[in-house]
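Colleague: Could you take a close look at one part of this model for me and walk me through what is found there? I would like a connected account rather than a list.

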Amino acid sequence: MNKKLIPISLICLLGGLISFVTVAQSDMRINLAMKKAGDTMLELFPIILNQARFNNVENEDNIKTGVNEIITSLGQAEPHFTQRAQTNQISYDILIEHLKESQQAINAGNKVYAQNMLQEVAYICASCHTQDDKSRTLFHGKNRDAFSSDYEYAEFNFLTRNYGLALDYYDRHLNSAYALKPERTILDTTKKILTIYAQIYNQPGKGARHLEKYVNNDKLPHLVKSKVVEWIKGLDELEANGAARVDKVSFEQLESYVHKYLGPLDKPGAAMVPTKKEIVYHLWLQGLLYKYYSANPPEQEVAKLLYWLAINDRATHYSFYYSLADLYLKECMLKHTGHNFAKMCFDEYKEYTTFSYSGSQGTAIPEEIQKELTTLRDIVYGAKKGTK
């Protein structure tokens, strides 16, 4: 019996098809995991954005189960994040870290801290989502009737990148009787409107006109109004300076903006503290930094970009519960150790960590934090003689 030889080209074709199917199956599993995490988070949004619902004992099991499912699903979907831009990877790392800390708080019965942590997790998601102006691809299916207020629904749409609807419901919140209380949500609302126009849309003129309509009425408390007036000045100056026409920038142009709005950055803590008006420039600059960094810049530029992102993020978004700035600095130290900016990143990280725990004296730094600082110092500067 004659055996027919299989052409080598057919073998290669079959091998390619098998490889394609394997990759496709892997992508499908990742997509399913992402969808599972998204669907679970979608169900939790109305609960974590509302204090009464979160404290209701009838929702305890749903919260615990939901957080467990999200952690598991995101773990399965890790390749989705590692294949994306580096800023997204940092957001993924801190997202997992805080989900686990939220889980511990829930299990310990610390509801106030747990709710704050889960809300911060949502804002960490937003830090990834607001890196560009693409339309949302996740979190469909929740309408206004799923939320207790216009503000909560606006927050949901902001976090899920549906910015047009977010603006609509932030306006409804400001124009409602509920907007008379509490003041914190009014300030959050106006700053989200500012962020959308300055950082995401890069439409400072339109942003100024949008906020201007609230200045001459009684919708804003005095403290909030004073901030909004300064933001409008900053937006108008950005518009006059041609910021809306700035799309793609070179590294040299970006560096000039950094030194103009953040510098001089010649020593730890040297970054200028922004005024109310200058916050607008920082938000605009953060949008440029995200776009440039997300476009996979040359390796030799990355450490500097991480340092700038950290300094600017701390000036505009620093939170008690988490800081993307810290993650940017750690990324700089651990993955770009040989770059001269790794030392600057450590010095900045040490300066702020020391101050945040006990002011300039640094006498109340927890032992585990001090060990971390020592480890990072040894990585960046080299271990001191006589130490292991």
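**Two asparagines and a helix pair**

Modeller: Asparagine 296 is exposed, with a relative accessible area of 56%, and this residue of the predicted model is found in the loop between helix H13 (278-294) and helix H14 (299-317). Its backbone deserves attention, since phi of asparagine 296 is near 55 degrees, a positive value in a residue other than glycine.

Asparagine 202 also has a positive phi, of about 50 degrees, although it is not a glycine. Asparagine 202, however, is buried, with a relative accessible area of 11%, and it lies in the loop between H9 and helix H10 (204-212).

From that loop one can turn to helix H9 itself, which spans residues 183-200 and whose axis comes within 11 Å of the axis of helix H7 (residues 150-159), the two crossing at roughly 30 degrees. Because an angle under 35 degrees counts as roughly parallel, H7 is described as roughly parallel to H9. On the side of H7, the contact is made by Tyr151, Glu155 and Phe158, while H9 contributes Thr185, Asp188, Thr189, Lys192, Thr195, Ile196 and Ile200. Sorted by class, the residues in this contact of H7 with H9 are 4 nonpolar, 3 polar and 3 charged. As for the handedness of the arrangement, H7 passes H9 in a left-handed crossing.

Key: Residues numbered from 1 in each chain as written. Predicted model: local features only at pLDDT ≥ 70, side-chain atom pairs only at ≥ 80, totals over all residues. Heavy atoms only, no water. Axes fitted to C-alpha atoms, helices over the stretch in contact; angles between N-to-C directions. Helix = DSSP H or I, 4+ residues; strand = E, 2+ residues; numbered from the N terminus. Parallel < 35°, antiparallel > 145°, perpendicular 65-115°, else oblique. Left-handed = near helix turned anticlockwise from the far one by under 90°. Contact = heavy atoms within 4.5 Å. Nonpolar A, V, L, I, M, F, W, Y, C, P; charged D, E, K, R; others polar. Buried < 20%, exposed > 50% of the residue type's maximum accessible area, 1.4 Å probe, protein only.
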